Amino acid sequence: YDACTKYWNEALLLWKQLQEKGNISRLHRKMANVLWEEVGDTEKAKEHHEAALKILEKEPESVELASLYEDMAHMYYRIGDVTKALSWAEKALEIAKKLNAHEAIASSYASLGTIFSFTGDWKKAIECLEKALKIALDNGFMDTALRAYNNLAVGLPAEENERRLECYEKGYELAKKVGHITYQSWISLLLAWAYIGMGNMNKAFPLVEESVALDKKAGYMSHLSMSMCALGLVYQILGEWDKSEQYH
């Protein structure tokens with residue numbers, strides 16, 4: 001992530017010299033996403049969102065503006081501000097539909113579905129997430145497909161446990177196939193939690209170990225505490241108290 005940010009900052013300086021507003025706003029959005037989602041620095045991410053907004057809201061509606069709104073919605077529901085998240089997600093979907101921008105439509109539905117699950121509107125949540133998943137898979141938007149698999153599984157009711165497991169398993173395999181380390185870590189941990197709940201430590205343990213290892217490898221700091229917590233619980237269940245305490 002440090003190397004990524006370094007190169008984007010260098011590119012940003014060049015685009016500013018060339019006064020390429022579209023590329024400047026796009027890089028601000030991408031930098032914001034890495035900062036809040038992977039690094040965990042939401043305050044710095046907000047600065048980049050604001051910089052992109054200042055450019056794009058003075059221009060005609062665009063796919064980039066829809067993508068920016070969606071990323072802001074995604075960030076706000078992750079930090080617990082559901083009201084702001086819903087407002088940005090609805091704006092994103094409206095523009096994306098108007099411009100027939102399939103990738104932005106899919107990601108907006110993914111955010112809306114997750115937001116509705118937070119508000120307890122499970123019917124709308126599942127409907128939006130299923131739309132997101134179909135559009136993403138049909139068009140090869142793997143990042144959004146992974147998010148939809150993950151969040152759909154979380155939103156499904158308890159009586160659909162088999163379908164939940166299927167979503168996790170398909171999402172996990174897809175993450176490995178496309179080499180998406182952060183989603184591989186995220187979904188493997190949630191799949192492990194499902195197995196822990198079923199009392200299947202043989203399946204849970206390697207998944208949790210993998211999640212911790214991937215978080216450390218990728219510097220995925222916003223997720224590492226969760227994977228370590230799960231590993232501590234697994235060791236606790238297995239009766240290995242010293243290791244459990246260490247990871248907790």
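These legends accompany several close-up views of a predicted model.

**View 1. Helix α1 and the residue that follows.** Helix α1 covers residues 2-18, which makes 17 residues. How far apart should the ends of helix α1 be, at 1.5 Å a residue? The expected span is 24 Å, and the end C-alpha atoms lie 25 Å apart, so the two values agree. Right after α1 comes Gln19, with a positive phi near 55 degrees.

**View 2. A salt bridge within helix α1.** Stay with α1 and look for Glu10 and Lys6, which form a salt bridge. The closest N and O atoms of this pair are 3.0 Å apart. Why are Glu10 and Lys6 separated by about one helical turn? They are 4 residues apart in helix α1, and that spacing gives about one turn. As background, an α-helix has 3.6 residues a turn, so residues three or four places apart point the same way. Glu10 is partly exposed, with a relative accessible area of 38%, and Lys6 is partly exposed too, at 44%.

**View 3. Two loop residues with positive phi.** Gln19 sits in the loop between α1 and α2. Its phi is near 55 degrees, a positive value in a residue other than glycine. Why pause over this? Most residues other than glycine have a negative phi. Gln19 is also exposed, because its relative accessibility of 67% is over the 50% cut-off. Now find Asn100, in the loop between α5 (82-98) and α6. Asn100 is not a glycine either, yet its phi is positive, at about 55 degrees.

**View 4. His28 and its contacts.** His28 belongs to helix α2. Is His28 buried or exposed? With 8% relative accessibility, His28 counts as buried, since the cut-off for that word is under 20%. Leaving aside residues up to four places away in sequence, His28 touches Leu12, Lys16, His48, Ala51 and Ala52.

**View 5. The largest pocket.** This pocket holds about 940 Å³ of space. Which residues lie nearest the centre of the largest pocket? They are Asn33, Glu37, His74, Asp143 and Arg147, out of a lining of 37 residues. Several helices share in building the lining: α1, α2 (21-39), α4 (63-78), α6 (102-119), α8 (142-155) and α10 (181-197) each supply at least two residues. By character, the lining residues divide into 15 nonpolar, 12 polar and 10 charged.

**View 6. A salt bridge between two helices.** Glu130 and Arg163 form a salt bridge, with their closest N and O atoms 2.5 Å apart. Glu130 lies in helix α7 (residues 122-139) and Arg163 in helix α9 (residues 161-178), so the pair ties together parts that are 33 residues apart in sequence. Glu130 is partly exposed, with a relative accessible area of 34%, and Arg163 is partly exposed at 28%.

**View 7. Another salt bridge, and a network.** Here the side chains of Glu240 and Lys243 meet in a salt bridge, 3.7 Å from N to O. Glu240 is partly exposed at 34% relative accessible area, and Lys243 is partly exposed at 37%. Elsewhere, salt bridges that share partners join Glu130, Glu160 and Arg163 into one network. How many salt bridges does a search of the whole structure find? The search finds 15.

Key: Residues are numbered from 1 along each chain as its sequence is written. This is a predicted model: local features need pLDDT of at least 70, side-chain atom pairs count only at pLDDT 80 or more; totals for chains, interfaces and linings use all residues. Side-chain values use heavy atoms; hydrogens and water are left out. The expected span of a helix is 1.5 Å times one less than its number of residues. On a 1 Å grid over the protein atoms alone, a cavity is a set of points where a 1.4 Å probe fits but cannot get out, and a pocket is an open set with protein on both sides within 12 Å along at least five of seven lines; lining residues have an atom within 4 Å of a point. Grid points are joined across faces, edges and corners, and a volume is the space filled by probe spheres set on the points. Ala, Val, Leu, Ile, Met, Phe, Trp, Tyr, Cys and Pro count as nonpolar, Asp, Glu, Lys and Arg as charged, and the others, Gly among them, as polar. Buried means under 20% relative accessible area, exposed over 50%, partly exposed in between (1.4 Å probe, protein chains only). Contact means heavy atoms within 4.5 Å. A salt bridge is a side-chain nitrogen of Lys or Arg within 4 Å of a carboxyl oxygen of Asp or Glu.
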